[in-house]
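Hi,

Here is the structure I promised to send over. Have a look at it first, and then read on for my notes.

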Amino acid sequence: MDPLELERIEKRIPSGWKVIFRDGAPLLVKNFCFSSYKSGVDFVNALAKIADLMDHHPDLTLRYDSVLVEIGTHSEKAITDLDFSFVEKVEQGYPTFF
């Protein structure tokens, strides 16, 4: 990825999100913490609904007190507007789980 493109992405993502690379493709990644396992499960279920509505599905890793969210457009091996839209929806919903 072009360094200028990476800088553009990093400026556009909300606080706490990082850009990582897996198999040469960039992903937006953030770990969300919860006070209970059930809150994390509820968050995963909410993200699943968003993902289905958008037809854009993240990788989700559920742990006892956290959920790791990883999103990228695999078909393009790039971060697209769809990824940014998903991230915005995640950020809007996260505070409702406390």
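Below is what I found, starting with the salt bridges and ending with a patch on the surface.

Please keep in mind that this is a predicted model. The structure holds 6 salt bridges, and I will walk you through some of them.

Let me begin with Arg22 and Glu70, whose side chains meet in a salt bridge at 2.8 Å, N to O. This pair ties together distant parts of the chain: Arg22 sits in strand β1 (residues 18-22) and Glu70 in strand β4 (residues 66-71), 48 residues apart. As for their surroundings, Arg22 is partly exposed, with 37% relative accessible area. Glu70, on the other hand, has a relative accessibility of 10% and so counts as buried, the cut-off being under 20%.

Another pair to look at is Glu91 with Lys30, where the side chains form a salt bridge of 2.9 Å, again N to O. Here too, distant parts of the chain are linked: Glu91 belongs to helix α3 (residues 81-93), Lys30 to strand β2 (residues 25-33), and 61 residues separate them. Which partner is buried and which is partly exposed? Lys30 is the buried one, at 13% relative accessible area, while Glu91 is partly exposed at 23%.

The next salt bridge stays within one helix. The side chains of Asp42 and Lys38 meet at 3.0 Å, N to O. Both residues lie in helix α2, 4 residues apart, which is about one turn of the helix. Lys38 is exposed, because its relative accessible area of 55% is over the 50% cut-off. Asp42 is partly exposed, with a value of 30%.

Helix α2 also brings us to the surface patch. Tyr37 lies in this helix, which covers residues 37-54. Together with Leu62 and Tyr64, Tyr37 forms a nonpolar patch on the surface. How much accessible area do the three residues have together? The total is about 330 Å². Tyr37 itself is partly exposed, with a relative accessible area of 42%, so it passes the cut-off of over 30% that patch residues need.

If you open the model in your viewer, you could start with helix α2, where you will find Tyr37 as well as the Asp42 and Lys38 pair. From there you could go on to the Arg22 and Glu70 pair, which links strands β1 and β4, and then to Glu91 and Lys30, which link helix α3 and strand β2.

Happy to talk it over whenever suits you.

Best wishes

Note on methods: Residues numbered from 1 in each chain as written. Predicted model: local features only at pLDDT ≥ 70, side-chain atom pairs only at ≥ 80, totals over all residues. Heavy atoms only, no water. Patch = residues over 30% accessible without salt bridge, like charges linked within 9 Å, V, L, I, M, F, W, Y side chains within 5 Å. Areas by Shrake-Rupley, 256 points an atom, 1.4 Å probe, with all protein chains shown as cover. Salt bridge = Lys/Arg side-chain N within 4 Å of Asp/Glu carboxyl O. Helix = DSSP H or I, 4+ residues; strand = E, 2+ residues; numbered from the N terminus. Buried < 20%, exposed > 50% of the residue type's maximum accessible area, 1.4 Å probe, protein only.
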